[in-house]
Amino acid sequence: MSDTQQKASENVVISKVGVAAGYVDDRLASANFTKRLLDKVFPDHWSFMLGEIALYSFIILLLSGTYLTLWFNPSMTEVIYNGSYLPLKGVKMSEAYSSALNISFDVRGGMLMRQIHHWAALFFVAAVTVHLLRVFFTGAFRKPRELNWLIGTGLLTLAILEGFAGYSLPDDLLSGTGLRIAQGIIQAIPLVGTYVAMFVFGGEFPGTDFIPRLYSVHILLIPGILLGLITVHLIMVFYQKHTQFAGPGRTESNVVGYRLYPVYMAKAGGFFFIVFGVTSLIAGLVTINPIWLYGPYTPSQITAGSQPDWYIGWLDGAVRLTPNIEWNILSHTISWNLLIPALIIPGIMFTLLGVYPWIEAWVTGDKREHHILDRPRNAPTRTALGVMALSFYLILWIAGGNDIMATAFNLSINTVIWTLRFALFAVPPLAFVLTKRICLGLQRRDKEKLLHGYETGRVLRLPHGEFIEIHEPVSFEERAVLLSKVDVPALEITSGEDEHGVRNPKGRKAKIQAKLSGWFYTENVSAPTEEELAEADEHFAHQLGAHERTAIDSH
Amino acid sequence: MAISRRHPAALLAVLVVALGTTGAAYAAVAAGTAPKVSAPSATQVTAGKQLFLEGCSSCHGLAAQGSTDAPSLIGVGAAAVDFNVATGRMPMAGPGIQAPVKKVVYSPAEIAALAAYIASLGPGPQIPTVEDVSTADADLALGGELFRTNCAQCHSFSGRGGALSEGRWAPSLMKSSAKHIYEAMLSGPQSMPVFSDNTMRPTDKRDIIRYIEELQKQEDPGGYGLGRLGTVTEGLFIWVIGLGALLGIAVWIGAKSR
């Protein structure tokens, strides 16, 4: 093909695209919007792709879940299994479990789809969690993004509920055991618990109503809400613009990065296929939830090593660690052993998580907008609080696997439980103090790097025998990052009275706020002043000159 | 008011007669089903006694009557001896909460002699024969049901074992032989309850063994089985391998953009 011919054929393609685009624009007037969309600039950082993993896992869940609905039958009608898995042939079971077995053994591609669906669910909640940690530790939740943080908390809660619903549907022994615990938790709600449980389960446990009901919730209600909230979540990211890390040329009023088209279109699109590929690869190679081994659910059976999926593990762990306390008041039982670990602790944790942006804003008195992310070390108190909460969560999580741990490491399960009970109270404060110290240490190192340069590892011996290591100023990029630290003064503690001696009605509250603000900020290492920086620059110029002269002289 | 024609002691007499008859009838039936003590050769018993005195009596007592450290072995039967000694659980390496499986110390002939000696002390469950543990006609699906009802609560759904209280454990059944499983059900070693032939028929036992054998040889139809330990290893896998891979790729994509 000659050059002119190729050009001509390209023109034909372009004009065809143009015609199609024109057709759409004539009807939707969408050209402006599309152009803005495609030109939208996104900043680049690997940690900004954690939310993408969650989004793509969700899409994979919708697709694989749709396939499963074609074959799954959420019915509690009793049938006798006659499929191709021999060890269960002739066993009485619910139609739900039997159809789940058929998906695994008799539907083409069913096993792969079931495993893709389940692995993607584990991926989904894991990705949401690490995305949340990234947003928290970089302070991305600060004004103006508090509402999106709240939506994110809602998404996490719903994702956990949705996962638990899916885990409960196949009506195998593990599902039923999980539901029995869930029913116990509902019953533990004071006063109304038993009524609510009877209402939700349509009578006594397990009954025949709950699995069909749960199915509607799992495939329609929660995914619908999730989809809606994810859409709002993304529109808000788009509308408020993505945050960015500090760096050369990056300010609070710009976004440095690439346009959506073509760079991010390719990257994000490609990453979707990578996530799908990795999920499929795992699903094709590694078993998840072997329902055929658990057998059908009957309330008279239980298996050692009954565990929920990982994201419920911390709640199970909390139940396992709580001592067996029950009160009986006026022939009404208050089950603190379930109320505390399964309702009060998660209630407090999710509430604190959701309102954290407002708590921090109130404590610091910070009303500014933030588009440049914090480096975790530069907000030591927040980072330490985060690590403290994380260590609390992790200990509960570990406790959820206490029996597996006891068998795997030849430990007494009682020792494991008591160790974790003490650790639950001892480790988080320790984690707080350690994290804060590490952050402050890193701040000091940053300041030293700015004022004295980094250690090059080049050691010189001077003519009179002295050894010195050459320090060089940090690179242009690193300097911009290091200089991004802003000193925020703690709020001043006022006397609570104005100059006329009138008590400020809000004085007490302001005093508490100021004290907390002091706790949040005071130990921070101050950023170097202009004079200090100028002096350092001069010192470098001078010192380097001296070294070079020495080196030349010695030859 | 009618005068009672019955003597006040009549009710008592009836009760005594009824209980006596029932008891006698039961004793007659029970005697019929009680395990027969096979007649081992006298030399085996003598050899077994010698081995017992050398290797076991320091804990179990010179007459196998037990001590503060170890239970009495009178009446535990040959099955218990064969199970504990042929799996290496006995003799124990040292005092502990539970005897683990380890290298077998005695030869088969010595184990038979020890079993003969203990069996000679009192009636107890015998070592099952090859026919007793043959699973050729066993019902796999029923075995699965029985396994999940009676065994899974300690040994777990996959027979991989589980934790019990205070450092005790239910061992994995993945390497257990049919004979040893049968003996364990008969004799109830350590924390395990006894499943005598009155509570669980020999055919039920064979069905269970058939299911355990299926678990031992079954390849995981869904791919690598992660040790069949349930959701804990699945969670570990998704966080370490799964998310590890995706984060690695994310870092790679992020790094390429410079």
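Two residues are in contact when heavy atoms of theirs lie within 4.5 Å. Keep that in mind as you explore this predicted model, beginning with one residue of chain B.

**A buried alanine in chain B**

B:A99 sits in the loop between α4 and α5 of chain B. Is B:A99 buried or exposed? Buried means under 20% relative accessible area, and B:A99 counts as buried because its relative accessibility is 3%. Apart from neighbours within four places in sequence, B:A99 is in contact with B:R89, B:M90, B:M92 and B:Q190. Look at B:Q190 in that list: B:A99 and B:Q190 are 91 residues apart in sequence, yet from C-alpha to C-alpha they are 8.1 Å apart in space.

The loop between α4 and α5 of chain B also holds B:P91. The peptide bond leading from B:M90 to B:P91 is cis, with omega near -5°. B:M90 has already appeared here, as one of the contacts of B:A99.

**The two helices on either side of the loop**

Now turn to the helices themselves. Two packed helices are described by the angle between their axes and the distance between the axes. For helix α4 (residues 77-86) and helix α5 (residues 108-121) of chain B, the axes come within 8 Å and cross at roughly 145°. The crossing of α4(B) past α5(B) is right-handed. Which residues of α4(B) make the contact? They are B:G77, B:A78, B:V81, B:D82, B:V85 and B:A86. From α5(B), the contact uses B:I111, B:L114, B:A115, B:I118 and B:A119. Sorted by class, the contact between α4(B) and α5(B) has nine nonpolar residues, one polar residue and one charged residue.

**Chain B as a whole**

Stepping back, chain B contains 10 helices and two strands. Along the sequence, the pattern of chain B reads α-α-α-α-α-α-α-β-β-α-α-α. Of the 258 residues in chain B, 40% are buried. Among the contacts in chain B with a separation of 6 or more, 60% are between residues 24 or more positions apart. B:A99 and B:Q190, which are in contact, are a pair you can find for yourself in the structure.

The domain assignment splits out domain 1 (42-121) and domain 2 (140-217) in chain B. Taken over C-alpha atoms, the centres of domain 1 and domain 2 of chain B are separated by 23 Å. Where these two meet, the contact takes 12 residues from domain 1 of chain B and 13 residues from domain 2 of chain B.

**Chain A: domains and hairpins**

For chain A, the domain assignment gives domain 1 (3-32), domain 2 (40-300) and domain 3 (439-554). How many Å apart are the C-alpha centres of domain 2 and domain 3 of chain A? They lie 46 Å apart.

Chain A also offers two hairpins to look at. In one of them, strand β5 (residues 326-329) pairs with strand β6 (residues 332-335) in the antiparallel sense over four bridges. The bridge partner of A:W327 in β6(A) is A:I334. Two residues lie between β5(A) and β6(A), and A:L330 in the turn has a positive phi of about 50°.

In the other hairpin, strand β7 (residues 454-461) and strand β8 (residues 467-472) of chain A run antiparallel and are joined by five bridges. Here A:L460 has A:I468 as its bridge partner in β8(A). Five residues lie between β7(A) and β8(A), and A:G465 in the turn has a positive phi of about 100°.

**Backbone angles worth a look**

Two residues other than glycine with a positive phi appear in this table.

| Residue | Phi |
|---|---|
| A:S331 | about 55° |
| B:A64 | near 60° |

A:S331 is found in the loop between β5 and β6 of chain A, whereas B:A64 is found in the loop between α3 (57-60) and α4 of chain B. A:S331 is exposed because its relative accessible area is 73%. B:A64 is buried because its relative accessible area is 0%.

Chain A has a cis peptide bond too, from A:K143 to A:P144, with omega near 10°. A:P144 is found in the loop between α5 (110-137) and α6 (146-168) of chain A.

Definitions and conventions: Residues are numbered from 1 along each chain as its sequence is written. Chains are lettered from A and ligands numbered from 1 in the order in which they are written. This is a predicted model: local features need pLDDT of at least 70, side-chain atom pairs count only at pLDDT 80 or more; totals for chains, interfaces and linings use all residues. Side-chain values use heavy atoms; hydrogens and water are left out. Domain bounds come from an automatic or database domain assignment. Axes are lines fitted to C-alpha atoms, for helices over the stretch in contact, and angles run from 0 to 180 degrees between N-to-C directions. A crossing is left-handed if the near helix is turned anticlockwise from the far one by less than a right angle, and right-handed if clockwise. Ala, Val, Leu, Ile, Met, Phe, Trp, Tyr, Cys and Pro count as nonpolar, Asp, Glu, Lys and Arg as charged, and the others, Gly among them, as polar. Two strands pair if DSSP finds at least two bridges between them. Buried means under 20% relative accessible area, exposed over 50%, partly exposed in between (1.4 Å probe, protein chains only).
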